[in-house]
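Thanks for making time. I have one structure to go through today, and I will keep to what can be computed from the atoms.

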Amino acid sequence: SLHDALPIFAEDTTTSSEQSVITGSCGDYVVWELEFDTGMLILEYDGTNNITNNQFGQMDDYNVIKDKSGNLITTAPWGEYADSIKSIEIGRNIANIGDFAFYGLSKTSYLNCAFGGTVIGRSAFENCSSIKEIIIPNSYDTIGDNAFTNCKSAYKLWLGKDVKKIESGAFLGCSGLESITVSEENETFKSSGQCLIEISSNIVILGCNKSIIPDDVTAIGEGAFYECASFSIKSIPENISKIGFAAFYGCKGLTELIVPEYSINTEDPTTTDETPKYRTIDDFAFYNCENIKSVSFDDNTCAIGINALPETTAIYCHRDKNSTAEQYANLNNYKMRYLELCEEHTLTDYVETEASCTSDGIKYRECEICVYNEKNVIIKCPGHSLNENDGWQVDENGHYKICSRCNERINF
């Protein structure tokens, strides 16, 4: 567990009497310095090791511990000064960034990793919620589990040519991302449509708020678009065989969804005899996408997992006794309608959305069996109600009245 290890601090940590600079060691031939005036934390190779045969400095691994406020923070020696750290500079010739090394440094907005390292450790920058850009330079080949989880302010991700391994959840919860770029020299991953794609499998590993999912990808990975609130898509590409666990969890920008009939791309070099014969929407794939009002299934064989769809959505599917979408809707008490219209409709009672002072309302009814909706009756908005006999009130912002219908302030 994250709490098993006790904090281990470097023994040679020293402090100036004015507390303007603190220095210490954090591994084999790696030293650190925190400048309080600038808020800059600097890690450097200390120069005492002979840099031959890749014998670079080795940074220690750390764990997490609760601070005085009950928040989890790294056990690295700079952890107790977390609120003072505004930027992190990791110098050349440091082979690795240790596990949990910068966990929870929520005030840090700038990160610079110099060329020369190879591994970013597990949860190294997890919960660094103010970092603006994530730049992985050439030379780094491995990004550990949850390395950048919940770096919510990061809007840009760039991966160098040597990245070969991205562990589970490495960028989970980087919900502010708008740009994903991979070096064209990278042979393992590529970027297309602002998506991070594994070349060998053609799977989307990570998406962002401005992603356009390419038509030729074969699957959406676990948590790929997790909490990307501005991301929007209306139809799943036909070639996608799997939408992974929590792939679109919390994507508030989704309002409707079409699941087309599954089509295997025989021209795709990744297509083999083992390519899935039907599509799977995994558990929690669209969970907490509360603005999805309807999901239309042209695919009658799609396997749908537990809590894969929002509880408030309506499921539309074809009149097929073997439709998995209809079975899922009936089993989980979803509102369900057939895409094919009835010859004679069974209409519900009228449903009315009241007009407000500033927007129209509607009155409609729908078929209980198919997707037919009777033409909406528009209820015109009445506008604000101001009593002419009441005088204008006045305060420091000027003259105003209060609408008797909605209680909104109306300025003169």
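**Cores, overall form and two loop residues**

Let me start inside. The largest nonpolar core has 51 residues, and Trp78, Phe102, Phe125, Phe148 and Phe171 have the most contacts within it. Seven strands are worth pointing at here: S4 (30-35), S5 (40-45), S9 (87-90), S11 (110-113), S13 (133-136), S15 (156-159) and S17 (179-182) each supply at least two residues of this core. S4 gives the most, with 3 residues.

Keep in mind that this is a predicted model.

Take Phe125 as an example from that core. Which residues does Phe125 touch, leaving out those up to four places away in sequence? The list is Ile88, Ile90, Ile97, Phe102, Leu111, Ile120, Ile131, Ala147, Phe148, Thr149 and Cys151. Two of these names, Phe102 and Phe148, were also among the residues with the most contacts inside the core.

A second core, separate from that one, has 39 residues, including Cys195, Cys251, Val259 and Leu309.

Now the chain as a whole. How many helices and strands does the protein chain have? There is 1 helix, and there are 34 strands. The radius of gyration is 28 Å, while the globule rule gives 22 Å for 412 residues, so the protein chain is more spread out than a compact globule. The C-alpha trace spans about 85 × 75 × 40 Å along its principal axes.

Of the 412 residues, 44% are buried. If we take contacts between residues at least 6 apart in sequence, 37% of them join residues at least 24 apart.

On the surface, the protein chain exposes about 21,300 Å², with carbon and sulfur atoms supplying 45% of that area. As for charge, there are 31 positive and 62 negative charges, and their mean positions lie 7 Å apart.

Last, two backbone details. Most residues other than glycine have a negative phi. Asn146 is not a glycine, yet has a positive phi of about 55°. Asn146 sits in the loop between strand S14 (142-143) and S15. Is Asn146 partly exposed or buried? Its relative accessibility is 25%, so Asn146 counts as partly exposed, since buried would require under 20%.

The other case is Asn407, where phi is positive too, near 65°. Asn407 is placed in the loop between strand S33 (398-402) and strand S34 (409-411). With a relative accessible area of 59%, Asn407 is exposed, the cut-off for that being over 50%.

That is what I have; I will take comments now.

Key
Residues are numbered from 1 along each chain as its sequence is written. This is a predicted model: local features need pLDDT of at least 70, side-chain atom pairs count only at pLDDT 80 or more; totals for chains, interfaces and linings use all residues. Side-chain values use heavy atoms; hydrogens and water are left out. Helices (H or I, at least four residues) and strands (E, at least two) are DSSP runs, numbered from the N terminus. The radius of gyration is taken over C-alpha atoms; the globule rule is 2.2 Å times the number of residues to the power 0.38. Buried means under 20% relative accessible area, exposed over 50%, partly exposed in between (1.4 Å probe, protein chains only). Contact means heavy atoms within 4.5 Å. Accessible areas come from the Shrake-Rupley method with a 1.4 Å probe; for residues, only the protein chains shown count as cover. Lys and Arg count as positive and Asp and Glu as negative; His and the chain ends are not counted. The place of a charge is taken as NZ of Lys, CZ of Arg, CG of Asp or CD of Glu. A nonpolar core is a set of buried Ala, Val, Leu, Ile, Met, Phe, Trp, Tyr and Cys residues joined through side-chain atoms within 4.5 Å.
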